[in-house]
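Thanks for coming, everyone. Have the model up on your screens, and let's walk through it together.

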Amino acid sequence: MQAATMAPPITSILFALAAATLTSSLAEAAASSAPPPPCVPPPSAAAFLRARCATTLYGVACYDSLIPYACTFQTSHVKLARAATDVNLAFLRGLSKRVKELAARSTGAGAEAAALRDCASTVSSAAGLAKQSAAELAKLDAARAAAGRSEVRWSISNAQTWLSASMTNEATCADGVGVAAREVVIGVVAARERTSVALALVNGIPVSS
């Protein structure tokens, strides 16, 4: 006899709906500041992206967020990592703006207000670190043909360091605000997924021996 399946608690359903709504709104904000999709991606670029995203912890999110830009990276590891950092930066900027708005509304000297202000600062720092990583990869992309192996390694190392630091800042924000600021936590979780994807793709940039 088949066991009855328990329905999920209404709080879980509401939390999932809130997560979907917030992530969608932040993704729309990120899309507005990210470059527009240039064309329909060729099959080779889509296959390359699918294979690279399979090496990340969030394969589906990786593919869905980057496939619109497949024409910009084709089958280039550096250009793919650059696209991922650009998308990550755009999302973090949108999140930073939203957290600052919430912090401005939360007046007073209470613990929650202080946590939001601290979170606004750490998310802003995370966005700054993501910007540095994106700039480093843009520089590597422009000089890839002429760059020596040591220069390539240096650029990759810098991007890895800044993305890792960005993830630390994101975690600090989420730990600080707790469940009281659920909207912020959901946004930070989504940001950490994107940062994780960008870092994994940077790690996958090959360096010729």
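Start with Lys139 and Glu136, whose side chains meet in a salt bridge at 3.6 Å, N to O. By salt bridge I mean a side-chain nitrogen of Lys or Arg within 4 Å of a carboxyl oxygen of Asp or Glu. The two residues sit three apart in helix H6, so about one helical turn separates them. Glu136 counts as buried because its relative accessibility is 6%. The cut-offs: buried is under 20% relative accessible area, exposed is over 50%, and partly exposed is in between, with a 1.4 Å probe and protein chains only.

A word on what you're looking at. This is a predicted model, where local features need pLDDT of at least 70, side-chain atom pairs count only at pLDDT 80 or more, and totals for chains, interfaces and linings use all residues. Residues are numbered from 1 along each chain as its sequence is written, and side-chain values use heavy atoms, with hydrogens and water left out.

Back to the charges. How many salt bridges does a search of the whole structure find? Five. Asp141 is a good place to look. The side chain of Asp141 meets that of Lys79 at 3.1 Å, N to O. Asp141 is in helix H6 and Lys79 in helix H5, so this pair ties together parts 62 residues apart in sequence. Asp141 also pairs with Arg82, at 2.9 Å, N to O. That bridge again links distant parts of the chain, with Arg82 in helix H5 and Asp141 in helix H6, 59 residues apart. Put together, Lys79, Arg82 and Asp141 form a network of salt bridges.

Buried or exposed, what is Asp141? Asp141 counts as buried, because its relative accessibility is 16%. Its partners are another matter. Lys79 is partly exposed at 32%, and Arg82 is partly exposed at 29%.

Now the overall fold. The chain has eight helices and zero strands. Helices here are DSSP runs of H or I, at least four residues; strands are E runs of at least two; numbering starts at the N terminus. Along the sequence, the pattern reads α-α-α-α-α-α-α-α. Of the 209 residues, 42% are buried. The accessible surface comes to about 10,900 Å², and carbon and sulfur atoms hold 60% of it. That area comes from the Shrake-Rupley method with a 1.4 Å probe.

Contacts next. A contact means heavy atoms within 4.5 Å. Take the contacts in the chain with a separation of 6 or more: residues 24 or more positions apart account for 76% of them.

On to the inside. A nonpolar core is a set of buried Ala, Val, Leu, Ile, Met, Phe, Trp, Tyr and Cys residues joined through side-chain atoms within 4.5 Å. The largest one has 31 residues, and Leu49, Leu66, Phe73, Leu201 and Val202 have the most contacts inside it. Which elements give two or more residues to this core? They are H2, H3 (59-66), H4 (70-73), H5, H6 (111-143), H7 (149-177) and H8 (182-203). H5 gives the most, with six residues. A second, separate core has 24 residues, including Leu92, Leu116, Ala174 and Val184.

Zoom in on Val202. Leaving aside neighbours within four places in sequence, Val202 is in contact with Ala81, Thr85, Leu137, Ile156, Ala159, Gln160 and Leu163. Follow that to Ala159, in helix H7. Ala159 counts as buried, because its relative accessibility is 0%. Beyond four places in sequence, Ala159 touches Ser133, Glu136, Leu137 and Val202. So we meet Glu136 again, from the opening salt bridge. The C-alpha atoms of Ala159 and Arg82 are separated by 9.9 Å, with their positions 77 residues apart along the chain.

One more buried spot: Ser96, in helix H5 (residues 77-105). Ser96 counts as buried because its relative accessibility is 6%. Beyond four places in sequence, Ser96 contacts Val123 and Ser124.

Last, confidence. pLDDT is the predictor's confidence in each residue, from 0 to 100. The chain's mean is 81, and 77% of residues reach 70 or more. Helix H2 (residues 43-53) has the highest mean among the elements, 96, and helix H1 (residues 10-33) the lowest, 45. Over residues 1-21 the pLDDT is below 50, and this stretch has five contacts beyond near neighbours in sequence. Residues 29-33 also stay under 50, with three contacts beyond four places in sequence.
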